[in-house]
Amino acid sequence: MRFLGCFVVLAIALRAPAPPASLIVSAATSLTDALDDVAKAYGAAGGGEVRFNFAGSNVLARQIVNGAPADLFISADETQMEVVQKAGLIVAGSRVDLVGNQLAVVASPERASRVRDRFANAPAEIRRLAIGDPAAVPAGVYARRYLEAQGLWKAYEPRVVPTANVRAALVAVETGGADAAIVYATDLAAARTATIAFLVPPDIGPRIVYPAALLSSSSNQAEARRFLSFLIGRDAAAIFARHKFIPLASR
């Protein structure tokens, strides 16, 4: 009887479908909190495990081109997605504009009102302005475009503190390494002490788009497609909106 019981257990185990392999999603740092919540909702809906590789989009694009394992790529700008696409590493027809964002200028609570009122004059009291590295990091590229459009780049350029990603710019303000920072509006939820000085209105700020795409190097295409479908669905759109992103691809 003991042998028969073991045989039955073994037979059931052999018939049971294997759990889906974990997905690896390389995604922009600014999406950290929102995507963590999306992954939880995906799991609750019957999806498999999702593991994230969060970093600056330029770093992620370089990793993917150099062969790092990943199933999906979600960039904070179109330029880094195009780097991967030109390398022939995106599944044709899978690229979508997932969410949008806008810029915000932040400072310490005691400086926020002065930064708001005087930022357009590039006052000397803003000695250090933290932004993502404008030569590579999307948030920094967007920040530079905004400052250039307002005729402020030449005044602020010598004071720029370039950071590896947008969250690091926020931390620079909170640790005293910068007097102000230009970050994404969505990063305000992660602030510990920094506060908003002002939001950059969308009509004068750069168009900020986060594209997502399946990667041709994925070893788990079916599950990757399922997760991408979830990302552009209504449940994920509600989560992105809660985190102050602007859903662009919901259906």
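These legends accompany several close-up views of a predicted model.

**View 1. An open sheet is built from six strands.**
Let us begin with the sheet. Its strands follow the order 2-1-3-10-4-11, and their pairing is mixed. Strands of a sheet pair through backbone hydrogen bonds, and they can do this either parallel or antiparallel. Which strands stand at the edges? They are strand 2 (50-55) and strand 11 (246-247); each has a single partner strand, so one side of each is left without a neighbour in the sheet. Elsewhere in the sheet, strand 3 (residues 72-74) and strand 10 (residues 208-214) run antiparallel and are joined by three bridges. To find this pairing, look for isoleucine 74, whose bridge partner in strand 10 is alanine 212.

**View 2. Valine 25 sits in strand 1 (residues 23-28).**
Is valine 25 buried or exposed? Its relative accessibility is 0%, so valine 25 counts as buried. Leaving aside residues up to four places away in sequence, valine 25 touches Val50, Arg51, Phe52 and Asn53, and also Leu72, Ile74 and Phe227. Three of these names can be traced in other views: Phe52 belongs to an aromatic pair, Ile74 is bridged to alanine 212, and Leu72 is touched by leucine 231.

**View 3. Aromatic rings come together in pairs and in a cluster.**
The model holds nine aromatic pairs. One of them joins phenylalanine 52 and phenylalanine 54, whose ring centres are 5.0 Å apart, with 25° between the planes. Planes under 30 degrees apart count as stacked, so this pair of phenylalanine 52 and phenylalanine 54 is a stacked one. Phenylalanine 54 has 24% relative accessibility and therefore counts as partly exposed. In the cluster, ring pairs link Tyr142, Tyr184, Tyr210, Phe240 and Phe245.

**View 4. Serine 57 is a buried residue of helix 3 (residues 57-65).**
With 1% relative accessibility, serine 57 counts as buried. What does serine 57 touch, not counting residues up to four places away in sequence? Its contacts are Ala28, Phe73, Ser75, Ala76, Gln80 and Pro138. Serine 57 also has a place in the next view, which turns to the empty spaces in the model.

**View 5. Two cavities of 30 Å³ or more are found in the model.**
The largest cavity holds about 70 Å³ of space. It is lined by 13 residues, and those closest to its centre are Thr29, Gly56, Ser57, Ala76 and Val137. Two of these names should look familiar from the view of helix 3: Ser57 and Ala76 also touch each other.

**View 6. Nonpolar residues gather in cores.**
In soluble globular proteins, nonpolar side chains tend to be buried together. How many residues are in the largest nonpolar core? It has 68, and Phe119, Ile182, Leu231 and Phe240 have the most contacts inside it. A second, separate core has 13 residues, including Ile64, Ala70, Phe73 and Ile90. For a closer look at the largest core, follow leucine 231: beyond residues up to four places away in sequence, it touches Leu35, Val38, Leu72, Ile74, Leu98, Ala236 and Phe240.

**View 7. Strand 8 (residues 180-184) pairs with strand 5 and with strand 6.**
Strand 8 is mostly covered, and five of its five residues are buried. Strand 5 (residues 103-107) pairs with strand 8 in the antiparallel sense over five bridges. By contrast, strand 6 and strand 8 pair in the parallel sense, over two bridges. Alanine 180 is a good residue to find here: it is the bridge partner of alanine 107, and leucine 129 stands opposite it too. How far is alanine 180 from valine 25? The two are 155 residues apart in sequence and 31 Å apart in space, C-alpha to C-alpha.

**View 8. Two loop residues that are not glycine have positive phi values.**
Alanine 122, with phi near 50°, lies in the loop between helix 5 (112-118) and strand 6 (129-132). Lysine 244, with phi near 75°, is found in the loop between helix 10 (234-242) and strand 11. Which one is buried and which one is exposed? Alanine 122 counts as buried, at 10% relative accessibility, whereas lysine 244 is exposed, with a relative accessible area of 60%.

Key: Residues numbered from 1 in each chain as written. Predicted model: local features only at pLDDT ≥ 70, side-chain atom pairs only at ≥ 80, totals over all residues. Heavy atoms only, no water. Pairing = 2+ DSSP bridges. Helix = DSSP H or I, 4+ residues; strand = E, 2+ residues; numbered from the N terminus. Phe/Tyr/Trp six-rings, centres within 6.5 Å; stacked < 30°, edge-to-face > 60°. Buried < 20%, exposed > 50% of the residue type's maximum accessible area, 1.4 Å probe, protein only. Contact = heavy atoms within 4.5 Å. Core = buried A, V, L, I, M, F, W, Y, C linked by side-chain atoms within 4.5 Å. 1 Å grid on protein atoms, 1.4 Å probe; cavity = no way out; pocket = protein on both sides within 12 Å on 5 of 7 lines; lining within 4 Å. Points joined across faces, edges and corners; volume = space filled by probe spheres on them.
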